[in-house]
Amino acid sequence: MFGGTSVSNLSRLTGFQYYHTVPHIVFNGGDYSAIHFSRFKSEYIKGAETSGETANLPNEALLNIEIRVGRFKGPIRFTNSRIGNVKILGGIFEEVVAFERGIYGNIEISGGEFKNGIFLGNNNLFPNEVPFLPPPGGVKTWTSTVSGIFENLRLTSKSEIEIVLSNIVVKNTFLVDIKQGDVDIHGLLSLVRSQYCGGKISESYGNHSILEIGNTRNVSKLQLSVVNTNTNELTFLGLLSRESGISFNVCKVTSLTFNSFVSLGSVKFDRLSFINFKKDFFSIDLVPRAQALNSSEYYNSAFHTSSNPEIWPQVLASYEPGLREVPAAKQIHANSIFTIKNSDLGKMIFLQCDFSSEVSFENSKLNEIALIGNDFPINRWAENTNTSQQRLLLFQLKKVYEASGDNDRARRHRAAELEAYRQDLSRSDRGERFTLGLNQWSNSHGESWTKALGRILFYGVLSWLTVSLPFFEIEVDPAENFRVFVLSLSYFIEYLNPIHKLGFVKDFAENVARVKIENKVEYALAWGNVIDSLWRILSAYLIYQLIFAFRKHSK
């Protein structure tokens, strides 16, 4: 019904206004030729001033359209128009259904047979037509970067369908859950939330505040390809079927979350990178000047074909910011985070991804994933990830790298796993904690031979000075000092060897320091022998750790 009047064979509407009832069209059967809403704006203006920027805003009564049944032989087009809610629940559409440039309310497409597809925001579908706004004076060509603004957009058809979205803005919820057909998305800006639950979807050069993949209520059958798209929060939910395939190529995210997600299909991330900021999109509501320009001149210039060219620049200056260019997004600092919670990632592939993020992990399985050319973040844990969960994740990552033949990364994750195990042990397990702590201190669980060598040199010099200095008195003879230095150096090198000869300290005292073993020297000699014995044990252990770490690549 339309304003209380039956509608049939509707071919064109332009400029209707209703003062007492909300305009509403229901197609509930019949055959129709081409329907074209061109420069259409249904708006109820009541008591609005028209004196400029301070004018009261108009009270809108936007046209709502519902298509239930019917055969549409020509195209259905919405061009350069301001329309309320549009529902397509059924019908047979021989030609295209096109939402071209304009501002729309809630769009819901959940039924119907579309033989030539649905297009939203496609600027080149019908060439040589007047753009959304007339160009300002003296300008021959003018292109808007936004082809449509939608409050909500829901695509849930169970029929064969082809949908193309190009350069549109969705202000609230964007949902795609179709059973058959293709959805091609280019240049989408979703300000609040997007959901991809089912269908064959390809997206490029988009921006999402929140993008959810999958459905917690049903098994998701999804073929999804996303290229060069930025997302503040990317979340995977529910069960992904074996027939599904998902790929993200050269995309950027602030947050990547797998929450109660089970992947039976194919999922690949290629050159995914984390960024430490979120994009906070400005409101794309029309600026006050545009909302206030509700005079007859505004209507004539923006929505009627017989417009006055003299006031085009004024209309363009006021209306353009909402339609030609969405204001640039603010960048708000936010720590990037990779969350895996109660999920099974299956045989997911991560190829050359930049995991410069914190990690939050809880009771998940990922020992079948493939990590190719990736350094998984193992030193930046979220506060809610305890050492027990860290150990579980690191153990699985070690197995992943071993399976791919990346032994170097496998060893590093084994070392990190052992350190997490040490921290996770209770105080009652002192022996195990001591053993693991000593391995970490000496060579980082077999990963650092330079650490073991540094320990040998540092503690060797320190203990040698403790042993040797008590036998000397300060000399002023340079020649004697040089002799002592050379002999002491040779003894020090021998001292580093844990199997140096017995009586080493006494021999040094007599031959280098040239002291007689008397009562005053026996005390220093006794302490020297004690330190020498302890050093033999420590140096033998450190040399073993040095050799063990040095041979890590030959294991």
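**Figure 1. A buried glutamate, Glu66, is paired with an arginine that is partly exposed.** Glu66 has a relative accessible area of 13% and therefore counts as buried (under 20%; exposed is over 50%, partly exposed in between, with a 1.4 Å probe and protein chains only). Its partner Arg68, at 38%, is partly exposed. The two side chains meet in a salt bridge with an N to O distance of 2.5 Å, where a salt bridge is a side-chain nitrogen of Lys or Arg within 4 Å of a carboxyl oxygen of Asp or Glu. The model is predicted, so local features need pLDDT of at least 70 and side-chain atom pairs pLDDT 80 or more, while totals for chains, interfaces and linings use all residues. Residues are numbered from 1 along each chain as its sequence is written, and side-chain values use heavy atoms, leaving out hydrogens and water.

**Figure 2. Arg193 and Glu212 form a salt bridge.** The closest N and O atoms of this pair are 2.8 Å apart. Because Arg193 lies in strand 18 (residues 193–204) and Glu212 in strand 19, the pair ties together parts that are 19 residues apart in sequence; strands (E, at least two residues) and helices (H or I, at least four) are DSSP runs numbered from the N terminus. Arg193 is partly exposed at 32% relative accessibility, whereas Glu212 is buried at 14%.

**Figure 3. Glu419 and Arg422 are joined within helix 5.** Both residues belong to the helix that spans residues 407–424, and they stand 3 residues apart, which is about one turn of the helix. Their side chains meet in a salt bridge of 2.6 Å, N to O. Glu419 has a relative accessible area of 15% and is buried, while Arg422, with 21%, counts as partly exposed.

**Figure 4. Several charged residues are linked in a network of salt bridges.** The members of this network are Asp375, Asp406, Asp408, Arg409, Arg411 and Arg412. In the whole model, the count of salt bridges comes to 20.

**Figure 5. Two asparagines, Asn342 and Asn363, have a positive phi.** Most residues other than glycine have a negative phi. Asn342, with phi near 50 degrees, lies in the loop between strand 28 (337–341) and strand 29 (349–351), and it is partly exposed, with a relative accessible area of 35%. Asn363, with phi near 45 degrees, lies in the loop between strand 30 (358–362) and strand 31 (370–372), and its relative accessibility of 45% likewise makes it partly exposed.

**Figure 6. Phe72 is buried and lies 6.0 Å from Ser33, C-alpha to C-alpha.** Phe72 is found in strand 4, which covers residues 64–72, and its relative accessibility is 0%. Although Phe72 and Ser33 are 6.0 Å apart in space, they are separated by 39 residues in sequence.

**Figure 7. Leu534 is an exposed residue of helix 10.** The helix runs over residues 519–550. Leu534 has a relative accessible area of 55%, and therefore counts as exposed.
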